[in-house]
Amino acid sequence: MIQRQKGCNDIYGREAKIWKYIDSVIDAVMEKYNYTYIRTPLIEATELFHRGIGESTDIVTKETYDFVDRGGRNITLRPEGTAGVVRSFIENKMYGDNLPVKVYYNGTMYRYERPQSGRDRELTQFGMEILGSDDPLCDAEIISLAVNIYKMLGLKEIKVNINSLGDNASRLKYREELVKYFKPHMDELCSDCKERLEKNPLRILDCKVDCDSDIIKNAPKTLNFLNEESRDRFEKVQEYLDVLEVKYEINPNIVRGLDYYNHTVFEIEAKVDGFGANNVLGGGGRYNGLCKELGGPDTPCIGFACGIGRLVTALELEKVSLPIVEDVDLFLLYVNEEEKNYAAYLSQELRLAGFIVDTEYNNRSLKAQFKQADRLNAKYIAVLNSEDINNNEIKIKNNKTKEEDIISLDAIIYYLDEKINTNIEEDYGECSHECCGNHDGCKCHNHEEEDL
Ligand code: HAM
């Protein structure tokens with residue numbers, strides 16, 4: 001049997017519905033914040049990621065899927081979304097548009113990592129970028145937007161960690177200090193960190209192996225190396241975060257794994273029990289030098305990305321109840337070919353009228369069809385009968401209470417509308433969203449429509 005590749009997942013059934021629901025919340029929130037959707041290719045020139053993410057980063061040295069295409073070009077499957085967005089910004093001369101450009105994406109990325117819980121080779125990220133503004137309000141907006149998406153989905157146990165790497169001068173000074181500090185402790189570092197010392201010393205600080213060691217705890221902190229301008233800027237970001245009522249902690253060990261960052265960096269952690277080591281739901285930061293590095297105009301940018309797989313895990317661990325539709329409104333059963341034709345016709349009519357309708361496809365016995373209706377959680381069932389159809393009637397049964405009504409076929413849409421669409425609150429159950437304690441006047445994503 002051919003099996004899926006390591007670190008890749010098949011997502012189907014209920015889980016696929018959760019993914020689709022998450023996508024819908026992302027789209028709805030992004031629209032309110034006025035970010036436009038951007039779709040960039042899965043394949044890009046290898047050079048984009050070497051120059052963009054950094055030659056010495058883990059991603060570029062060990063994790064990219066690289067290949068030479070049939071035309072002899074060096075191609076890489078994108079390991080993240082930011083470099084492609086910046087390439088597109090430059091190539092399509094978006095810098096000529098009204099700045100800033102605010103975009104979001106949601107798609108598959110590839111990283112050749114050792115597969116483990118929360119670490120896949122094929123991963124899906126949604127992310128957003130603001131290109132063309134250095135305003136600290138953008139930093140705060142991106143952080144609060146990420147937090148608000150998590151909240152809208154019903155997550156409660158999250159923690160925001162922020163830090164600043166300062167401008168290039170501050171970052172360079174800090175890097176030198178770190179190398180000086182770690183060199184005498186070389187033997188106490190893990191094998192990866194020994195390599196990082198020359199190439200990427202900042203990454204030693206967020207090493208998962210060495211993170212609890214005293215050498216890391218006592219290492220120099222970025223914030224002590226910020227020049228005045230960078231310090232003022234970071235304070236302004238914090239002021240705006242307070243205005244937006246975002247709770248955060250300053251964590252000097254947040255340095256991020258990609259080379260393009262400066263100034264604000266941040267990560268959002270899941271705090272729910274049982275997550276394991278890979279509990280960072282998402283991260284991002286400012287990358288003011290990347291656009292120029294990739295051949296575009298000097299353009300300050302900031303962004304964030306979140307792994308959807310980890311987000312689904314967090315929702316499951318927090319037992320958030322999501323408004324996933326798992327029931328069929330009506331299941332149509334039949335015995336003969338004439339009734340089957342009518343089932344096909346009526347299913348289509350009712351689906352186009354907005355109901356979730358299913359029917360039998362394999363000409364199975366009525367007993368098997370009843371079982372199928374139960375498996376699909378059909379709220380109502382109707383056994384089509386030639387005589388009833390000729391009399392313009394249908395018997396509809398509530399599949400739970402077994403109460404039956406005989407109604408005119410002309411009235412079926414009104415009947416279902418009354419029976420199904422007036423019970424939305426009951427069907428959704430307890431609202432788990434932070435913005436409401438009860439359903440009355442609730443303005444959360446699930447109930448907004450009802451209130452209107
Ligand atoms: P990143 O920290 O590399 O940042 O990835 C962001 C998120 O993607 C992680 O926090 C995690 O949720 C998810 N993720 C990353 N690698 C894996 C994996 N192997 N398996 C499962 N999930 C994973 C970036 O990608 C930056 N482009 C973020 C950004 C946007 N910075 C500025 N703009």
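A residue counts as near a molecule or strand if one of its heavy atoms lies within 4 Å of it. The model in these views is predicted, so to speak straight from the record: local features need pLDDT of at least 70, side-chain atom pairs count only at pLDDT 80 or more, and totals for chains, interfaces and linings use all residues. Residues are numbered from 1 along each chain as its sequence is written, and side-chain values use heavy atoms, with hydrogens and water left out.

**View 1. The shell around the ligand.** The ligand has 27 residues around it, and those that come nearest are Glu80, Glu113, Asp120, Glu129 and Tyr261. By class, the shell splits into ten nonpolar, nine polar and eight charged residues; here Ala, Val, Leu, Ile, Met, Phe, Trp, Tyr, Cys and Pro count as nonpolar, Asp, Glu, Lys and Arg as charged, and the others, Gly among them, as polar. Three strands, β6 (122-131), β10 (280-286) and β11 (301-307), each put at least two residues into this shell. The largest share, six residues, is from β10. Helix and strand names follow DSSP runs, numbered from the N terminus (helices are H or I with at least four residues, strands are E with at least two).

**View 2. Polar atoms facing the ligand.** Look for polar contacts here, meaning pairs of N or O atoms within 3.5 Å; within protein, one must be able to donate a hydrogen and the other to accept it, and residues adjacent in sequence count only if both atoms are side-chain atoms. The side chain of Thr82 has an N or O atom 2.9 Å from a nitrogen atom of the ligand. The backbone joins in too: a polar backbone atom of Val280 sits 3.3 Å from a ligand oxygen atom, and a backbone N or O atom of Phe304 is 3.3 Å from a ligand nitrogen atom. On its own the ligand exposes 650 Å², and the protein buries 95% of that (accessible areas are from the Shrake-Rupley method with a 1.4 Å probe; for residues, only the protein chains shown count as cover).

**View 3. The eight-stranded sheet and its helices.** This open sheet is mixed in its pairing and runs β1-β5-β6-β11-β10-β9-β7-β8, where two strands pair if DSSP finds at least two bridges between them. β1 (36-37) and β8 (249-250) are the edge strands with a single partner each, so one side of each has no neighbour in the sheet. β10 and β11 are antiparallel over five bridges, and Gly282 has Cys306 of β11 as its bridge partner. Helix α1 (residues 13-32) packs on the sheet, touching β5 (101-110) and β6, and its direction makes about 165° with that of β5. Helix α5 (residues 136-153) lies across β5, β6, β7 (158-164), β9 (262-270), β10 and β11, at about 15° to β11. Axes are lines fitted to C-alpha atoms, for helices over the stretch in contact, with angles from 0 to 180 degrees between N-to-C directions.

**View 4. Zooming in on Glu141.** Glu141 is in helix α5. Which residues does Glu141 contact, leaving aside its neighbours within four places in sequence? They are Tyr33, Tyr35, Lys102, Ile130 and Leu244, with contact meaning heavy atoms within 4.5 Å. The side chains of Glu141 and Tyr35 also share a polar contact of 2.7 Å.

**View 5. The three-stranded sheet.** Here an open, antiparallel sheet has the order β2-β4-β3. β2 (43-45) and β3 (65-68) are at the edges with a single partner strand each, so one side of each lacks a neighbour in the sheet. From one strand to the next, the twist averages 35°. β3 pairs with β4 (residues 74-77) over four bridges in the antiparallel sense, and Asp66 has Thr76 of β4 as its bridge partner. Helix α2 (residues 46-53) lies across β2, β3 and β4, at about 75° to β2.

**View 6. Two backbone oddities.** Most residues other than glycine have a negative phi, and most peptide bonds are trans. Leu99 and Pro100 are joined by a cis peptide bond, with omega about 0°, and Pro100 is in the loop between α4 (82-91) and β5. Lys319 is not a glycine, yet has a positive phi of about 55°; its place is the loop between α11 (308-317) and β12 (330-333).
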